[in-house]
Amino acid sequence: MGLLKKFRKYVGGRRLEWPIPYREGLTLNDITVRDPFIVKDGSGGYIMAGTVYHYNFNDGYGAVIYKSDDLKIWKGPYTILKKSGLEKEYADFWAPEIHYADGKYRLLVTLSPEGEKRGTYMFSCDVPDGNYTGGVRLTPDGVSCLDGTLTEEDGRYWCIYCKEYIECDDGEVRAVRLTTDLSGVEKETDTLLFRASDNVYKLTRGRRKVTDGPFCYFEKGERKMLWSTRTSDRKYVQLVAKSADGSVTGKWLQEGAVYTADGGHGMVFNDYDGNRYLVLHSPDARTAFTKKYERPVIIPYPEQRS
């Protein structure tokens, strides 16, 4: 990374208050997060998790959420996983996701344990906005991984995650099946689904190719997956793939892009009226001198591919 780019990231991040103060009456344009993830709270409201940091990607202080009654006005942040409350020293706190699985809410978050490789961990709680505990690593030990998500097939849960390009140059999207009691993973099930270079939208940028932010959902009965990469024109794009046979570990067909305006790491959710939306962050990085920051963007889910 060039010195100018480093300086811009540093100065841009330093403009944020830290830790981020609690506020009410926030619009999406007031909230600086990466990797937004929205779920219903079960009481008519919504919860949005996301990555927050000061000026360095690994200086987060925990996993946080914001709350809203209408997807327009928000309040927060609320901390649901405190760095200071964990038994080990962790950095990053990237890409928090909240899933309801096997009777509990599951928080998946990417952490870097001191002296170990980055990976995705799962914590549990009885309520979506409570204090999550009992972390278990879902991605392989000794391999740098990130952005784990949960998906279900035939009553069993899988963690789909990214093997970082720093390990393999051509970033990978992989899947590992969880044990029946969700206490760990069946490591022999670890399967390569596709690589960053399989992107059919545009040439993926550089020798080292990024895979980011997988998220599985169903569209018209077909299993789909959102994922992101950086292209040769230096843009962050939101891509979509489809499982050819509907299974997690089957052949994945790349369908192109659904968002190309320098944004990605998105997910799909339905509101209480059944309307489907795509939420992602854009732009992809802070720019100090233009005062542009990563913001959550919510748009109706695009049926038409770019």
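Student: Which residue in β11 is the bridge partner of Leu-150?

Tutor: The bridge partner of Leu-150 is Cys-159. Please keep in mind that this is a predicted model.

Student: What makes β10 and β11 a pair of strands?

Tutor: Two strands count as paired if there are at least two bridges between them. Seven bridges join β10 to β11, so the two strands meet the requirement for pairing. They run antiparallel.

Student: What do β10 and β11 form, and how many residues lie between them?

Tutor: They form a hairpin with two residues between the strands. In the turn, Asp-154 has a positive phi of about 55°.

Student: How do you know that β11 and β12 pair as well?

Tutor: The same reasoning applies: at least two bridges are required, and β11 (residues 156-163) is joined to β12 (residues 172-178) by six bridges in the antiparallel sense. Two residues of β11 serve as examples: Trp-158 has Arg-177 in β12 as its bridge partner, and Cys-159 stands opposite Val-176 in β12.

Student: In which sheet do the strands β10, β11, β12 and β13 lie?

Tutor: They make up an open sheet of four strands in the order β10-β11-β12-β13, with antiparallel pairing. From one strand to the next, the twist averages 25°.

Student: What makes β10 and β13 the edge strands?

Tutor: Each of them, β10 (145-153) and β13 (185-195), pairs on one side only.

Student: Why is β11 described as largely enclosed?

Tutor: Seven of the eight residues of β11 are buried, so the rest of the structure largely encloses this strand. A residue is called buried when its relative accessible area is under 20%.

Student: Why is Arg-118 called buried?

Tutor: Its relative accessible area is 18%, and the limit for a buried residue is under 20%. Arg-118 therefore counts as buried. Its place is in the loop between β7 (104-113) and β8 (119-125).

Student: What makes the link between the side chains of Arg-118 and Asp-92 a polar contact?

Tutor: The distance is 2.7 Å, and a polar contact requires a pair of N or O atoms within 3.5 Å. The side chains of Arg-118 and Glu-164 are also joined by a polar contact, of 2.5 Å. Leaving aside neighbours within four places in sequence, the residues in contact with Arg-118 include Trp-94, Arg-137 and Cys-145.

Student: How do you know that Asp-92 counts as buried?

Tutor: Asp-92 has 1% relative accessibility, which satisfies the condition of under 20%; therefore Asp-92 is buried. This residue lies in strand β6. Although Asp-92 is not a glycine, its phi is positive, at about 85°.

Student: Why is Asp-35 called buried?

Tutor: The relative accessible area of Asp-35 is 8%, and buried means under 20%, so the term applies. Asp-35 is placed in strand β2, and its phi is near 55°, a positive value in a residue other than glycine.

Student: What makes Asp-273 an exposed residue?

Tutor: Asp-273 has 68% relative accessibility, and exposed means over 50%; Asp-273 therefore counts as exposed. It lies in the loop between β18 and β19.

Student: Why do β18 and β20 stand at the edges of their sheet?

Tutor: That open sheet has three strands in the order β18-β19-β20, with antiparallel pairing. Each of β18 and β20 (295-300) has a single partner strand, so one side of each has no neighbour in the sheet.

Student: How do you know that β19 and β20 pair?

Tutor: At least two bridges are needed, and β19 (residues 276-282) and β20 are paired in the antiparallel sense over six bridges. In β20, Pro-296 is the bridge partner of His-281.

Student: Why is Leu-28 called buried?

Tutor: With a relative accessible area of 17%, Leu-28 falls within the range of under 20%, so it is called buried. Leu-28 is found in the loop between β1 (23-26) and β2. Leaving aside neighbours within four places in sequence, Leu-28 is in contact with residues including Met-48, Trp-74 and Pro-296.

Student: Which residue does a cis peptide bond join to Pro-283?

Tutor: That residue is Ser-282, and omega is about -5°. Pro-283 has its place in the loop between β19 and β20. The peptide bond from Gly-76 to Pro-77 is also cis, with omega near 5°, and Pro-77 is found in strand β5 (residues 74-82).

Definitions and conventions. Residues are numbered from 1 along each chain as its sequence is written. This is a predicted model: local features need pLDDT of at least 70, side-chain atom pairs count only at pLDDT 80 or more; totals for chains, interfaces and linings use all residues. Side-chain values use heavy atoms; hydrogens and water are left out. Axes are lines fitted to C-alpha atoms, for helices over the stretch in contact, and angles run from 0 to 180 degrees between N-to-C directions. Buried means under 20% relative accessible area, exposed over 50%, partly exposed in between (1.4 Å probe, protein chains only). A polar contact is a pair of N or O atoms within 3.5 Å; within protein, one must be able to donate a hydrogen and the other to accept it, and residues adjacent in sequence count only if both atoms are side-chain atoms. Contact means heavy atoms within 4.5 Å.
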